[in-house]
Each structure stands twice: as structure tokens, then as C-alpha cells.
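I opened this notebook to keep track of what I looked up, one entry at a time.

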Number of protein chains: 4
Amino acid sequence: MNSKQSHRSEETKKAILSAAGKLFASKGYDTVSMREIAKQANCSHTTIYLYFKDKETLLHQLSMPSLTHLKQKMQAIVQLDAKMPEDKLKEISNQFIHFCLNNKNLYTIFINVKSTRIDEQKPKLEINQLRLEIFSIMKNVLGECLSLPNNDQLLAYSRIFFYNLYGILSTYSYQHEPTEELLERLIPTFELSLEILISGFKSNLKLSEEKQ
Amino acid sequence: MNSKQSHRSEETKKAILSAAGKLFASKGYDTVSMREIAKQANCSHTTIYLYFKDKETLLHQLSMPSLTHLKQKMQAIVQLDAKMPEDKLKEISNQFIHFCLNNKNLYTIFINVKSTRIDEQKPKLEINQLRLEIFSIMKNVLGECLSLPNNDQLLAYSRIFFYNLYGILSTYSYQHEPTEELLERLIPTFELSLEILISGFKSNLKLSEEKQ
Amino acid sequence: MNSKQSHRSEETKKAILSAAGKLFASKGYDTVSMREIAKQANCSHTTIYLYFKDKETLLHQLSMPSLTHLKQKMQAIVQLDAKMPEDKLKEISNQFIHFCLNNKNLYTIFINVKSTRIDEQKPKLEINQLRLEIFSIMKNVLGECLSLPNNDQLLAYSRIFFYNLYGILSTYSYQHEPTEELLERLIPTFELSLEILISGFKSNLKLSEEKQ
Amino acid sequence: MNSKQSHRSEETKKAILSAAGKLFASKGYDTVSMREIAKQANCSHTTIYLYFKDKETLLHQLSMPSLTHLKQKMQAIVQLDAKMPEDKLKEISNQFIHFCLNNKNLYTIFINVKSTRIDEQKPKLEINQLRLEIFSIMKNVLGECLSLPNNDQLLAYSRIFFYNLYGILSTYSYQHEPTEELLERLIPTFELSLEILISGFKSNLKLSEEKQ
DNA sequence: GATGAATGAGTATTCATTCAT
DNA sequence: TATGAATGAATACTCATTCAT
């Protein structure tokens with residue numbers, strides 16, 4: 001008796017999340033309207049408010065699980081002792097790129113720290129927390145690669161590392177090409193960029209050691 | 001007489017472009033309304049439609065001259081024989097970053113190739129042309145730096161070079177911090193990233209030469 | 001068994017009434033939503049419709065008992081033989097003011113005879129009945145004060161007496177000040193107004209007697 | 001050429017004001033929607049925003065002229081030297097009642113001091129100013145009637161005087177009876193109430209003088 | 001060449017209410 | 001008896017655009 005209803009409810013919620021996910025991803029958070037989402041989810045736009053307090057809340061409920069998932073994947077890779085640091089770095093970066101291209105909407109959230117209003121910023125904080133953690137994971141692996149402790153230099157290097165990733169993403173995430181094809185096309189350049197950065201870091205490191 | 005009228009008309013058009021330019025730059029394309037532009041340009045909002053079919057068209061017509069200006073500046077730098085290639089690269093990159101942060105709206109156009117509807121894609125093509133030229137300038141200077149001819153390897157390197165720039169831009173262009181402050185904060189990391197990339201390119205180059 | 005069920009049902013109904021009463025009183029009829037009432041009453045919002053056709057009906061069913069209570073209180077005061085008529089009048093007026101400020105919503109109902117749609121005006125009639133009874137009680141006490149029989153002159157006087165009360169209420173019932181504070185501030189003026197009215201009535205009475 | 005357009009514009013503005021006036025008066029500010037007003041005014045709801053920044057602004061632009069008019073009428077009456085103070089008081093009170101019953105919407109504004117948000121309270125302040133001036137006019141005339149200087153006692157008396165007026169208004173302003181009929185019915189009671197209040201004030205004044 | 005008037009489509013959100021269970 | 005799911009209508013307000021002049 002109850003189960004039928006609650007099943008339906010869950011279906012609706014999923015439909016909404018999936019619709020919102022697709023739309024946000026393809027058109028961007030701001031451009032998508034609640035009515036549009038509702039139409040795509042085959043329900044009334046008021047129904048959305050039954051499940052999500054807000055457009056923003058909807059976006060965040062949409063983001064958190066997949067970001068968490070990404071983080072876990074990354075951590076798993078990091079913990080594989082058999083792997084070389086550079087391979088780990090390559091792989092987690094790959095995961096990151098994959099993820100972002102598959103979740104174009106989230107990627108924007110992920111990068112935009114912007115406009116954090118003071119009041120009721122709880123959900124934003126959670127996301128921010130995740131961002132920092134993911135950033136931290138990559139920074140640590142980069143540290144391993146370069147045998148660098150967690151200092152300012154490592155911080156500067158990982159920022160540059162991230163710029164590279166973001167640059168790739170922001171260049172390609174608006175393309176309408178199917179993600180998998182896109183990735184295939186991207187990967188060689190992307191791997192090359194990793195190698196170049198790492199050797200760049202290494203020479204810069206040597207240089208700065210010599211100076212001291 | 002005709003000339004007087006057409007002169008006035010030119011003036012109005014310029015006023016609109018200038019107003020739109022300022023507003024788009026400071027507040028972003030989406031946030032600015034046609035009425036706002038009209039007010040700033042000291043004309044009626046309907047007048048805008050006399051000169052520009054669309055808000056979008058206005059944006060595109062607006063982008064062209066300023067991108068052209070940027071291109072010219074870059075070319076001028078390139079032609080200074082006195083300068084070392086690496087310094088040229090640093091300076092034109094600096095120009096580019098400056099320009100993009102000062103024209104946040106254009107930056108998005110510049111990067112987004114997106115959503116090309118079939119009809120009336122002419123202006124988009126023009127912009128694309130400029131993009132390619134600017135990209136080409138940087139590629140050439142990078143070629144000079146690395147003593148590389150215009151081959152696939154240089155292409156790959158310059159893509160990576162661009163990713164770095166885009167990454168910086170996409171990370172910071174949504175921040176509401178005043179541009180000048182932002183730049184001051186950014187420049188050290190930015191210059192560091194250039195050095196790292198260049199030495200990265202160089203080692204990678206050596207490596208690939210050794211392989212052959 | 002039936003009794004157990006109907007008992008529970010009674011309880012729910014009471015809970016709803018009590019919740020609605022509190023909320024209407026503190027926030028006003030329009031501002032309170034059915035869901036809010038349901039939450040406060042610990043039931044689903046649909047349950048409310050089991051007992052009350054309408055939000056409006058709920059309000060009316062809610063008004064009756066508390067108005068009845070007010071009436072009973074007033075009657076009790078009237079029947080205290082020890083008290084002087086003027087003191088009785090003062091006290092019942094006080095009760096009335098208290099009640100109305102504490103039930104801002106009911107106060108509006110109480111005063112508004114308005115918009116009587118033809119269908120289903122029964123509850124409104126009941127309220128009207130009560131209004132008249134309360135009005136009648138005050139009129140009678142006023143009659144005692146002035147030693148006037150129940151004639152047209154007394155009717156006119158009591159209308160004026162009521163205007164004074166309504167005037168106070170309509171002036172202050174929209175203020176957001178906490179009721180008790182408000183009352184404290186109001187009472188001196190209110191008591192003064194009673195004295196003035198009564199002596200006004202008395203002189204007017206003398207005057208009209210002289211004329212005859 | 002211009003005149004035809006500007007004529008049309010003025011017509012539209014008038015239509016909106018008139019529609020809003022009627023609707024606010026009959027149903028109350030909160031209950032009336034912008035779309036409703038637009039329909040009544042035979043224009044699109046967006047057109048309203050061409051002429052009035054806000055629903056609130058619309059209300060205020062609607063109120064100011066008629067309140068100002070009321071004030072002027074009152075002042076004119078006050079300045080008639082031939083009239084006895086009591087007659088002046090009677091007449092300006094009459095004007096006030098007339099006005100309020102004819103502008104049921106404004107009357108509510110006039111009485112409700114409520115919810116003055118800090119930001120952009122300019123229009124409210126103007127109204128408040130007028131309220132105080134009108135109140136002040138009546139207070140002064142009352143002072144003349146009672147030969148009282150402008151002291152606390154006069155203040156208390158005029159408050160009571162106002163309660164009486166408000167009481168009448170709040171009792172009858174929701175009735176759907178046509179205003180003129182209503183007034184005819186009301187006037188005798190209203191005049192009686194004035195007489196009673198004045199003689200009440202006088203005896204109370206004597207009483208308080210004796211005490212000293 | 002230029003503009004004021006006007007509008008339809010759109011925004012997020014809230015609410016009282018109904019329906020199926 | 002009771003309830004979760006669902007919805008249509010409504011809210012104030014904004015915007016790019018068009019039409020008549």
C-alpha cells in the first residue's frame with residue numbers, strides 16, 4: 001500500500017533530478033527554468049518544490065552525490081600502492097576531466113566560488129568543502145611526484161596544475177560534441193600537458209634550489 | 001544634408017557601442033538590459049534596434065573592434081625586434097589576460113564556440129577568425145621561443161599554453177573582485193606558470209628529439 | 001470500537017482548531033497556510049479538509065467558541081451584583097479590547113459583516129448572532145450606567161460607545177508591537193475615553209430631557 | 001504628432017489609476033493583483049510598470065493627491081472666521097468621514113502605520129507627513145472648541161476624538177452599501193457622537209481643573 | 001533617424017485544494 | 001480515518017522586442 005506510493009514518489013524525484021541534471025549540464029544553471037525542468041521531468045513545476053526547497057537546493061542535491069563519488073574514486077586511486085605517483089596523478093586528473101565533462105553543470109559550480117551570500121550558505125559550504133578536499137588530494141599526489149613537502153611552492157605548482165585542467169575544461173565544455181568522442185580527441189593533448197607540466201615543475205624546482 | 005545626418009547616426013551608433021561595452025564589461029552580458037544600455041547611451045532603447053538586430057548582434061559587433069585592437073597590440077609587441085622571444089610571449093600573454101579580465105563578457109564569447117544556430121552565423125565566423133589569428137600570433141611567438149617550426153608539435157604546445165591562460169581566466173573571471181586588484185594578485189602565479197610551461201616544453205622537446 | 005475511533009477523531013479536530021487558533025491569532029488569517037496549521041496540529045494538511053470544508057470554514061468554526069467564551073465572561077461580570085454599573089462597563093470593555101487584540105483575526109471577522117455570498121452563509125449568521133448578543137450586553141450595562149431603558153437613545157449611545165472601542169482596535173491592531181505591551185500603553189487613554197463618553201452621554205441626556 | 005501619443009499615454013495612466021483606485025477601494029490593497037488592475041484598465045500588466053515602479057508606488061501615487069486635496073479642504077474650512085469652532089470641527093470631521101468612505105483603500109493606508117521598512121521609505125514618509133498634518137488640523141480645532149492650549153491633555157482628547165471617527169469608519173467601510181446612502185444613514189449618529197464627545201471633554205476638563 | 005507606448009513570454013515561488021491509496 | 005503525491009492558478013516583477021508615430 002505505502003510502497004506503491006513511495007515508489008512513485010521516488011520515481012518522480014529521480015525524474016526531476018535527472019531532468020535537471022541534463023538541462024543544467026547542457027544549458028547551464030541560470031538559463032534553465034523550473035518549468036523547463038518540470039516539463040522534462042513530466043510533472044508540474046510545483047511538484048519540484050515538493051522535493052526541493054529551491055532551485056539552488058535542487059542543484060546542490062544534484063551535485064553533492066556525484067562530487068562525493070568523484071572524491072571517493074580519486075581517493076581509491078591514491079591509495080593503490082602499486083602505482084607510481086605520476087601515474088596516479090595522470091589517472092586522477094583523467095577522472096576529474098571525465099567527471100567535469102560529464103557534468104558540465106557541476107563543473108561550473110565547482111569552479112565558481114562566487115557570490116556566497118552570508119545568509120544560509122550551508123549547502124554552498126558543503127560544496128566548497130568538497131572542492132577543497134579534491135584540490136587537496138591532487139596537491140598531495142603532485143607533492144609525491146615532485147618529492148615536495150606541503151609548502152607554498154607546492155601550492156603554487158598545484159594551482160598551475162589546476163589552471164591547466166580548468167583551461168581544458170573551459171575550452172571544451174561548451175562544445176556540443178558527445179562527451180566520449182570529445183574525450184578521445186582530448187586525451188593525447190591532455191597527457192602531453194601533464195608530462196610537460198611535471199617536467200616544467202621539476203626544472204623550476206631545481207632552479208629555485210640552485211638559487212638558495 | 002545627408003552627411004550631417006549620417007554623421008549624427010554614426011555618433012549614436014558609437015554611443016550605443018561604447019555604452020554597451022562598458023556595461024557588458026562591468027556587469028556581464030546577461031545582467032545588462034537594453035534599457036540600461038540606452039540610458040547610458042543617451043538614446044531610446046528602441047533606437048538600439050535601428051542599428052543592431054539583436055542584443056546578441058550588438059554584443060558581437062561590439063566584440064570585433066576590441067578583439068581587433070587586442071590583436072593589433074599583440075602584433076605590435078611581436079614586431080619589436082629588440083625583445084627576446086620569451087619576453088614577447090610573456091607580454092602578449094599579459095595583454096591577453098588583461099584584456100579578458102577587463103572584458104569578462106567578451107572572454108566568454110571568445111572561448112565559447114557554442115550553439116551556432118544555422119542562420120546568421122556570419123558574425124560568429126568573424127569572431128572565430130579573430131580567435132584563430134590571435135591564437136596564431138601566440139603560437140608563432142611560442143615557436144620562436146622554442147625554435148620550433150609551425151608543425152603539429154608546436155600546435156599541441158600552444159594548445160597547452162592556452163589551456164593555462166584559459167584556466168586562469170575561468171578561475172578568476174567570475175570573482176567580483178575589482179580587476180586591477182585581481183591582476184596584481186594573479187601576476188606572480190601567472191608568470192611562474194609561463195616559466196614552468198616553457199621549461200616543460202623545452203625538456204619535452206629534447207626528449208622527443210632524443211627518441212627520434 | 002466506534003467510540004474509540006470517534007474519540008481520536010475528536011482529538012484531531014481539536015488539535016487542528018487549537019493550532020489554527022494559535023497561528024491565526026499570532027500571524028493573521030491570510031499569512032497562515034494550511035500546511036503550517038497541519039504541522040502545528042501534527043497531522044497532514046489533507047486531514048484538515050476532512051473536518052473543515054475550507055480554510056474560511058475553519059476560521060469560522062474557530063471563531064464561534066472563542067466568541068462564546070468572551071460572551072460568557074462578559075455575562076459573568078454583568079451578574080456580579082456587588083459591582084457598580086460603570087465599573088462593570090469598564091471591565092467588560094476591557095475584556096473586549098483584550099480579546100480583540102489577542103485575536104486580531106477574529107476581530108476582523110467580528111467587525112466585517114462584508115461580502116456575504118449567498119451560499120452557505122449559515123456560519124456567518126451564527127457569528128452575527130453572537131456579535132449582536134455581545135453588543136446587547138454592553139448596551140444593557142450602558143443602560144444601567146445611564147439609567148436608561150432600552151430605547152432608541154440608548155441604541156445610539158451604545159453605537160457611539162462601540163465606535164470608540166473599534167476605533168482603538170482598528171488603530172492598533174495592525175501594529176506589530178506585542179499585545180501586552182500595547183495594552184499597557186493603551187489602557188490610560190482607553191479609560192479616559194470611557195469616562196469622557198459617559199459624562200458626555202449624561203450631559204447629552206440631560207439636554208435632551210430639558211428639551212422635552 | 002507628439003501630442004497624440006502623449007495624450008494616449010496620459011489616458012492609459014489615468015485608466016490605471018482609476019482601475020487601481022476602484023479595486024483597492026472595493027477589495028483592499030493586498031487582495032488586488034497587478035493583473036487584475038491591468039485587466040480593469042484595459043492594458044497589459046506590464047504597462048503598469050511603465051508608469052509605476054511598484055504596486056506600492058501605484059498605491060501611493062493614488063493616495064497623495066486625494067489626501068492633499070482633503071487637507072486643503074480642511075484648511076479652508078478652518079480659516080473661515082465666520083464659523084464657530086464647533087461647527088468647524090463638525091465640518092472637517094464630516095469631510096474626513098466622507099473622504100475615507102469614498103476612498104476605502106486610502107483609509108486603510110491612512111490608519112495603518114505598520115511595517116515601515118527602513119529602506120526606501122520615502123513615499124511612506126510623505127503619507128505619514130500628511131497624516132500628521134491632518135491629525136494636527138483636527139487637534140487644533142478641537143483645542144479651539146475647548147479653549148485648550150496645545151498640551152498633553154489636548155493630545156489625549158484628540159486621540160479619543162479620532163478613535164470615534166476611526167470606529168465609525170472601520171464599522172462601515174466594509175459594507176457594500178453605496179457611499180452616499182451610507183453617509184445619510186450615518187450622519188445623525190455621527191453628529192450626536194461629536195456633541196457627546198465635546199460635552200464629555202468639557203466635563204472632564206472641569207473635573208481635572210477642580211482637582212488641581 | 002528616432003522614440004514613446006505597449007506587450008507577451010518569461011522568472012521563481014506559494015497556496016489551497018484534490019486524488020488515489 | 002488519514003495521508004502522501006500532485007497540481008493549476010496565482011503572486012509581483014523583468015525583459016527583449018515591436019508598432020505607430
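Where in chain A does UniProt place the feature "DNA-binding region"? I found that the record, an unreviewed entry, puts this feature at residues 33–52 of chain A. I note at the outset that what I am reading is a predicted model.

**Entry: the annotated stretch.** I looked up the make-up of residues 33–52 of chain A and found the chain there to be 75% helix and 0% strand, with the end C-alpha atoms 14 Å apart.

**Entry: helix H2 of chain A.** I next asked which residues of helix H2 (residues 34–41) of chain A are buried, and the list I wrote down is A:Met34, A:Ile37, A:Ala38 and A:Ala41. Looking down the axis of H2(A), I saw that these buried residues fall within an arc of 100°, so they line one face of the helix. I recalled that an α-helix has 3.6 residues a turn, so residues three or four places apart point the same way. On the other side of H2(A), I noted A:Arg35 and A:Lys39 as exposed. Following H2(A) comes A:Asn42, for which I recorded a positive phi, near 60°.

**Entry: around DNA strand F.** I then turned to DNA strand F, which has 41 residues around it, and those that come nearest are A:Thr46, A:Thr47, A:Tyr51, C:Thr47 and C:Tyr51. By class, I recorded the residues of the surface near this strand as 13 nonpolar, 18 polar and 10 charged. Of the strand's atoms within 4 Å of the protein, 54% belong to sugar or phosphate, while the rest belong to bases.

**Entry: polar contacts with strand F.** For C:Thr47, I noted a polar side-chain atom 2.5 Å from a phosphate oxygen of DNA strand F, and for B:Tyr49 a polar side-chain atom that lies 3.0 Å from a phosphate oxygen of that strand. With D:Arg35 the partner is a base nitrogen of DNA strand F, which is 3.3 Å from an N or O atom in the side chain. Among the elements that give two or more residues to the surface near DNA strand F, I listed helix H3 (45–51) of chain C, helix H2 (34–41) and helix H3 (45–51) of chain B, and helix H2 (34–40) of chain D.

**Entry: cysteines.** How many disulfides does a search of the whole structure find? I wrote down 0 over all chains. I also looked up A:Cys100, which counts as buried at 1% relative accessibility, and A:Cys145, which is buried with a relative accessible area of 10%.

Definitions and conventions: Residues are numbered from 1 along each chain as its sequence is written. Chains are lettered from A and ligands numbered from 1 in the order in which they are written. This is a predicted model: local features need pLDDT of at least 70, side-chain atom pairs count only at pLDDT 80 or more; totals for chains, interfaces and linings use all residues. Side-chain values use heavy atoms; hydrogens and water are left out. UniProt positions are given in the numbering used here, feature names are shortened, and annotations may be inferred rather than shown by experiment. Helices (H or I, at least four residues) and strands (E, at least two) are DSSP runs, numbered from the N terminus. Buried means under 20% relative accessible area, exposed over 50%, partly exposed in between (1.4 Å probe, protein chains only). The arc is that of the directions from the helix axis to the C-beta atoms. A residue is near a molecule or strand if one of its heavy atoms lies within 4 Å of it. A polar contact is a pair of N or O atoms within 3.5 Å; within protein, one must be able to donate a hydrogen and the other to accept it, and residues adjacent in sequence count only if both atoms are side-chain atoms. Ala, Val, Leu, Ile, Met, Phe, Trp, Tyr, Cys and Pro count as nonpolar, Asp, Glu, Lys and Arg as charged, and the others, Gly among them, as polar. A disulfide is a pair of cysteine sulfur atoms within 2.5 Å.
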